[in-house]
Amino acid sequence: MPILRLLACSGAAVLLAAIPARAQERPYFVTYDHYLEEPGNLEIAIANTTGLPKHGDRGYSAPWLELEYGITGWWTTELYLESVTTRGYGSAFAGWRWENRFRPLKGEHRVNPVLYVEYENINEASRIQKEIVGSGPLSIEPISELRNELAHELEGKLILSSAVRGWNMSENLIFEKNLSAEEGVELGYSVGVSRALGGLASGTTCYFCRENFVVGAEAYGGLGSTSERGLSDTRHFVAPVVAWHLTGRSTLKASVGFGLTEASDRYLVRVGWAYEFSLRGGR
Amino acid sequence: MIAHERRCSIVDIIVAVLVVTVAPVAGRAVAGEERDPTWIAPADAARRPNPFASRPGAEAGGEKLFRQRCATCHGDDGHGSEKGPALATADVLDQTDGALFWKISGGNTRGGMPSFSFLPQPQRWQLVLKLRELQSRTAR
């Protein structure tokens with residue numbers, strides 16, 4: 001308990017000392033674009049994935065906490081803590097993830113590559129579905145069983161992203177290796193397109209004006225694995241997304257994913273809220 | 001996908017990598033203070049005129065955007081901070097509208113300047129208008 005109290009006090013101190021910074025949260029939940037966190041800025045986000053499966057399987061809700069920090073202009077690091085609640089089966093902590101994104105090129109190009117490396121220490125109860133890889137539907141066993149099945153996974157992504165005439169277009173290719181089991185490398189993809197709605201910004205503060213909204217769509221799914229070639233039994237979703245910059249510091253975003261294959265859940269409903277502030281220097 | 005054993009060695013390696021790599025970089029990563037002499041807009045980008053230069057009211061939007069997007073690092077009045085260099089200086093404001101637009105759009109990841117190409121183009125031009133307003137204020 002003293003450790004928890006220490007963490008809570010440290011967190012409160014950080015928030016009090018922080019300087020609000022403008023959020024530039026991407027509208028996507030799964031797809032990454034080439035915009036990294038500003039150096040010295042910390043973004044705290046809470047989000048949730050609600051899954052509505054087919055065939056009367058149990059629905060679930062998977063909240064997660066995200067701490068994203070800009071170390072330099074070319075390096076952003078992020079920590080995730082996730083949990084899950086399944087109807088009738090109770091709740092469980094599903095593990096943590098640590099991701100790093102690196103932008104190797106200095107300026108803006110026609111296509112901007114970003115390299116992504118993530119380590120996951122999760123269990124089979126994980127349902128946030130920040131990425132979908134491999135094949136097969138989600139396990140339907142009780143959480144009490146799934147939480148004991150640990151998975152240490154290493155994930156890599158090649159992120160390609162472009163800004164074209166006001167549109168963002170992003171493509172992610174995903175590779176995931178479970179270090180805890182003898183299986184191949186699982187593959188996945190995600191693509192997204194989005195656009196800020198505003199043109200010229202107004203001179204006054206407004207909440208519901210077009211300039212505060214970004215809309216788009218993303219599609220994501222599994223591509224089998226190196227040991228199981230083919231797309232049979234893979235899960236795929238297409239999801240419209242919307243982000244609303246509530247204030248200069250915070251962004252609310254939402255999406256409804258529609259399952260496209262038999263193995264996919266019927267819907268994935270996602271909501272998230274992010275708050276960003278500067279921890280270093282600044283005004 | 002299943003494992004019942006704990007592999008603490010992986011966690012140990014991650015923590016070690018974090019301590020060895022993140023801490024020193026984070027300590028000296030206030031990168032925005034220095035100019036990057038190699039950060040020069042291409043000639044064709046530098047020649048672009050500001051299409052909103054004479055649009056009534058556009059500057060007010062630029063003022064708001066500057067407060068939201070730029071002031072955290074460059075200060076409310078553009079005089080810079082620990083996190084970002086001053087903008088109200090001759091070497092910045094002597095640049096053309098097109099060059100400033102190019103730099104705002106693309107950023108400079110090595111120098112700590114983020115890319116703002118996610119903003120609609122008119123809003124990036126509004127930021128250039130705000131920089132010009134800083135220039136006239138500095139001249140006074």
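Guide: A residue is called buried when its relative accessible area is under 20%, and exposed when that value is over 50%. Please keep in mind that this is a predicted model. In chain A, both Cys206(A) and Cys209(A) are buried.

Visitor: What makes the pair Cys206(A) and Cys209(A) a disulfide?

Guide: The sulfur atoms of Cys206(A) and Cys209(A) are 1.8 Å apart, and a disulfide requires two cysteine sulfur atoms within 2.5 Å, so the pair Cys206(A) and Cys209(A) meets the cut-off and is called a disulfide. A disulfide is a covalent bond between the sulfur atoms of two cysteines. Over all chains, the structure holds 1 disulfide.

Visitor: Why is the disulfide of Cys206(A) and Cys209(A) called right-handed?

Guide: The torsion about the S-S bond of Cys206(A) and Cys209(A) is about 60 degrees, and therefore the disulfide is right-handed.

Visitor: How do you know that Cys70(B) has no bond to Cys73(B), the residue with the closest cysteine sulfur?

Guide: The sulfur of Cys70(B) is 8.6 Å from that of Cys73(B), whereas a disulfide needs the two sulfur atoms within 2.5 Å, so the distance is too far for a bond. Seen from the other side, the closest cysteine sulfur to Cys73(B) is that of Cys70(B), again at 8.6 Å.

Visitor: Are Cys70(B) and Cys73(B) buried or exposed?

Guide: Cys70(B) has a relative accessible area of 12% and Cys73(B) has 15%; the limit for buried is under 20%, so Cys70(B) is buried and Cys73(B) counts as buried too.

Visitor: What is the secondary structure of chain B, the chain that holds these two cysteines?

Guide: Chain B comes to 6 helices and 0 strands, and of its 140 residues, 50% count as buried. Among the contacts in chain B between residues at least 6 apart in sequence, 67% join residues at least 24 apart. The accessible surface of chain B comes to about 7000 Å², and 60% of that area belongs to carbon and sulfur atoms.

Visitor: Why is Leu260(A) called exposed?

Guide: Its relative accessible area is 54%, and exposed means over 50%, so Leu260(A) passes the limit and is exposed. Leu260(A) lies in the loop between β12 and β13 of chain A. Together with Leu52(A), Val238(A), Val256(A), Phe258(A) and Tyr267(A), Leu260(A) forms a nonpolar patch on the surface, with about 470 Å² of accessible area.

Visitor: What makes β3(A) and β4(A) a pair of strands?

Guide: Two strands pair if at least two bridges are found between them, and 10 bridges join β3(A) to β4(A), so the two count as paired, and they run antiparallel. With 2 residues between them, β3(A) and β4(A) form a hairpin, and Thr72(A) stands opposite Trp75(A) in β4(A). On the other hand, β3(A) is also joined to β2(A) by 10 bridges, in an antiparallel arrangement, where Gly51(A) has Tyr60(A) as its bridge partner.

Visitor: Which strands pair with β6(A), and how many bridges are there?

Guide: β5(A) and β6(A) pair in the antiparallel sense over 8 bridges, and Asn100(A) has Val117(A) as its bridge partner in β6(A). β6(A) and β7(A) also pair in the antiparallel sense, over 12 bridges, and Tyr116(A) has Lys157(A) as its bridge partner in β7(A).

Visitor: How do you know that β6(A) is mostly covered?

Guide: Strand β6(A) spans residues 112-123, and 9 of its 12 residues are buried.

Terms used. Residues are numbered from 1 along each chain as its sequence is written. Chains are lettered from A and ligands numbered from 1 in the order in which they are written. This is a predicted model: local features need pLDDT of at least 70, side-chain atom pairs count only at pLDDT 80 or more; totals for chains, interfaces and linings use all residues. Side-chain values use heavy atoms; hydrogens and water are left out. Buried means under 20% relative accessible area, exposed over 50%, partly exposed in between (1.4 Å probe, protein chains only). Helices (H or I, at least four residues) and strands (E, at least two) are DSSP runs, numbered from the N terminus. Contact means heavy atoms within 4.5 Å. Accessible areas come from the Shrake-Rupley method with a 1.4 Å probe; for residues, only the protein chains shown count as cover. Patches are made of residues with over 30% relative accessible area and no salt bridge: like charges are joined within 9 Å, nonpolar side chains (Val, Leu, Ile, Met, Phe, Trp, Tyr) within 5 Å. A salt bridge is a side-chain nitrogen of Lys or Arg within 4 Å of a carboxyl oxygen of Asp or Glu.
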